[in-house]
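Colleague: Could you pick one part of this model and give me a close look at it, together with whatever sits around it? I'd like one connected story rather than a list.

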Amino acid sequence: MDTGGNSLPSGADGVKRKVCYFYDPEVGNYYYGQGHPMKPHRIRMTHALLAHYGLLQHMQVHKPFPARDRDLCRFHADDYVNFLRSITPETQQDQLRQLKRFNVGEDCPVFDGLYSFCQTYAGGSVGGAVKLNHGLCDIAINWAGGLHHAKKCEASGFCYVNDIVLAILELLKQHQRVLYVDIDIHHGDGVEEAFYTTDRVMTVSFHKFGDYFPGTGDVRDIGYSKGKYYSLNVPLDDGIDDESYHYLFKPIIGKVMEVFKPGAVVLQCGADSLSGDRLGCFNLSIKGHAECVKFMRSFNVPLLLLGGGGYTIRNVARCWCYETGVALGMEVDDKMPQHEYYEYFGPDYTLHVAPSNMENKNSRTLLEDIRNQLLDNLSKLQHAPSVQFQERPPDTELPEADEDQDDGDERWDPDSDMEVDEERKPIPSRVKREAVEPETKDPEAQKGTAEQARGFDTATDETVSTKAVDVSPMPIDEPTMKVEQETLNKAADPMYPKS
């Protein structure tokens with residue numbers, strides 16, 4: 001049941017992982033508008049670095065199949081999805097009431113191709129979850145995803161569709177328990193709210209708290225009803241550095257993994273927690289941020305890596321490139337290779353940037369108090385909650401048309417370890433591989449059919465999946481509002497609160 005993409009012996013952090021990487025060449029063309037800090041172009045910059053560092057050759061590269069209306073409506077309200085599909089810059093003046101109702105227009109502007117953008121980034125996250133569910137990779141990556149603020153019926157904080165909730169719902173078809181970890185500087189409110197009353201999803205968010213968007217994420221917000229103690233919030237102050245961050249991250253996440261025993265993990269890697277971010281106020285280095293990825297990877301549980309915030313785009317690309325290397329178990333050179341966006345990275349043209357000398361306002365006493373409080377909360381959890389077994393919902397289908405794509409990516413052979421971009425000649429690798437131990441193949445994980453290898457399931461036959469987990473005990477169609485009225489302290493930054 002909970003094998004997921006975990007075909008490797010546990011505890012062997014040095015073992016190579018099979019990695020799926022989702023990328024649509026069109027994603028960098030979407031434009032939120034002049035002066036808006038959210039720039040999808042950063043995804044294209046990241047991809048260029050991955051190509052020129054030679055990392056794409058070591059991954060399965062997939063163009064995501066766009067999420068369909070019905071896929072988005074697994075979480076979002078029908079009328080909200082219909083609105084996103086129909087609204088255009090030309091028609092928005094005729095729909096002012098709808099714009100207000102769905103919180104679209106300022107932080108979340110209407111722009112050309114908005115709905116296609118949502119379909120693309122959501123398709124990558126759900127596609128990654130499908131790959132993990134079929135055991136076709138150990139780690140799936142979608143840097144275009146991670147838009148954690150979107151709600152069932154409204155946009156928020158630069159986010160329109162909550163791809164993370166949709167991916168977790170997909171993972172819940174195969175896994176009894178899914179862990180969500182969020183290292184964006186902003187609280188992962190949309191994901192927390194969606195799963196606030198269930199014990200099948202634990203959400204853990206490390207974020208700036210206090211007069212900062214979205215204003216939620218108090219340490220006292222712990223979940224409700226069956227979900228009590230299954231929401232963990234780690235509120236932080238300005239200037240937190242690598243050492244202080246991991247003083248909390250490692251013991252808390254270590255205890256979560258021990259007690260909750262998730263079958264799969266989703267890690268939102270928002271890069272606005274890096275030092276020098278245009279909207280952020282933390283002081284993490286790229287290596288400090290990536291240490292979270294390395295730590296989650298070490299548990300050898302199926303792992304979905306997503307993007308998120310990040311507004312100093314040269315540093316976002318640096319960070320996600322380095323973290324892709326961490327996922328692969330490959331050390332990348334600090335000296336950056338020449339590529340089409342090389343001028344963005346001057347004057348040093350290096351992958352890593354030094355953190356600043358800003359004051360760390362997180363005192364050791366404050367950190368100890370937070371750590372002790374959260375570890376105490378975790379001690380109140382029952383170990384690994386069980387779930388009633390019922391008929392399993394059908395897998396999300398991802399059509400076979402995947403093979404005839406415009407981006408020229410060679411489709412990955414299920415028995416191959418590599419994915420090579422046809423348009424690029426193999427590039428001398430600027431990476432250093434981890435020590436690779438012999439990979440022991442799990443025969444169960446190899447049973448995927450050719451259809452499954454393409455990331456979809458044609459099986460609707462009841463004999464294929466007789467008894468598996470049911471998502472129904474969790475009332476996901478009615479995302480809960482917290483009993484501790486957290487919206488009262490919503491702070492509104494004067495301009496562009498986040499993503």
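Modeller: Let me settle one word before anything else: I call a residue buried under 20% relative accessible area, exposed over 50% and partly exposed in between, using a 1.4 Å probe and protein chains only. This is a predicted model, so local features need pLDDT of at least 70 and side-chain atom pairs count only at pLDDT 80 or more, while totals for chains, interfaces and linings use all residues. Residues are numbered from 1 along each chain as its sequence is written, and side-chain values use heavy atoms, with hydrogens and water left out.

My pick is strand S7, residues 264-268. The labels are DSSP runs numbered from the N terminus: helices are H or I with at least four residues, strands are E with at least two. S7 is mostly covered, with five of its five residues buried. In a regular strand the side chains alternate between the two faces of the sheet. On S7, one side carries Ala 264, Val 266 and Gln 268, the other Val 265 and Leu 267, and both faces are covered.

Now its neighbours. Strands count as paired if DSSP finds at least two bridges between them. S7 pairs with S4 (residues 178-182) in the parallel sense, over five bridges; one example joins Gln 268 of S7 to Asp 182. S7 also runs parallel to S8 (residues 303-306), with four bridges joining them, and there Leu 267 has Leu 305 as its bridge partner.

The link from S7 to S8 goes by way of helix H9 (residues 286-297), and the three make a right-handed β-α-β unit. Right-handed means that, with the strands pointing away from the viewer, the path from the first strand over the helix to the second runs clockwise. In the loop between H9 and S8 you'll find Asn 300. Asn 300 has a positive phi of about 55 degrees despite not being a glycine, and it counts as buried because its relative accessible area is 4%.

Step back along the chain and you meet helix H8, residues 242-260. The expected span of a helix is 1.5 Å times one less than its number of residues, so the 19 residues of H8 should cover 27 Å, and its end C-alpha atoms, 26 Å apart, agree with that. Its buried residues include Tyr 245, His 246, Leu 248, Phe 249, Ile 252, Ile 253, Val 256 and Phe 260. Among the elements covering them are S7 itself, S4, S5 (201-208), S6 (231-236), H9 and H11 (364-379), where contact means heavy atoms within 4.5 Å. After H8 comes Lys 261, with a positive phi near 50 degrees.

Next, the loop that follows the S4 partner. UniProt, in an unreviewed entry, places the feature "binding site" at Asp 184, His 186 and Asp 272. These three are spread over 89 residues of sequence yet cluster in space, the largest C-alpha distance being 8.2 Å. (UniProt positions are in the numbering used here, feature names are shortened, and annotations may be inferred rather than shown by experiment.) Asp 184 lies in the loop between S4 and helix H7 (189-194), and His 186 is found in that loop too. Asp 184 counts as buried at 0% relative accessibility, and His 186 is buried with a relative accessible area of 0%.

There is a cis peptide bond in the loop between S5 and S6 as well: Pro 214 sits in that loop, and the bond from Phe 213 to Pro 214 has omega near 0 degrees. Another cis bond joins Gly 346 and Pro 347, with omega about 5 degrees; Pro 347 lies in the loop between S9 (330-332) and H11.

Last, how far to trust it. pLDDT is the predictor's confidence in each residue, from 0 to 100. The protein's mean is 83, with 74% of its residues at 70 or more. Confidence is highest in S8, the partner of S7, at a mean of 99, and lowest in S12 (residues 468-469), at 30. Over residues 433-497 the pLDDT is below 50, though this stretch has 150 contacts in the model beyond near neighbours in sequence.
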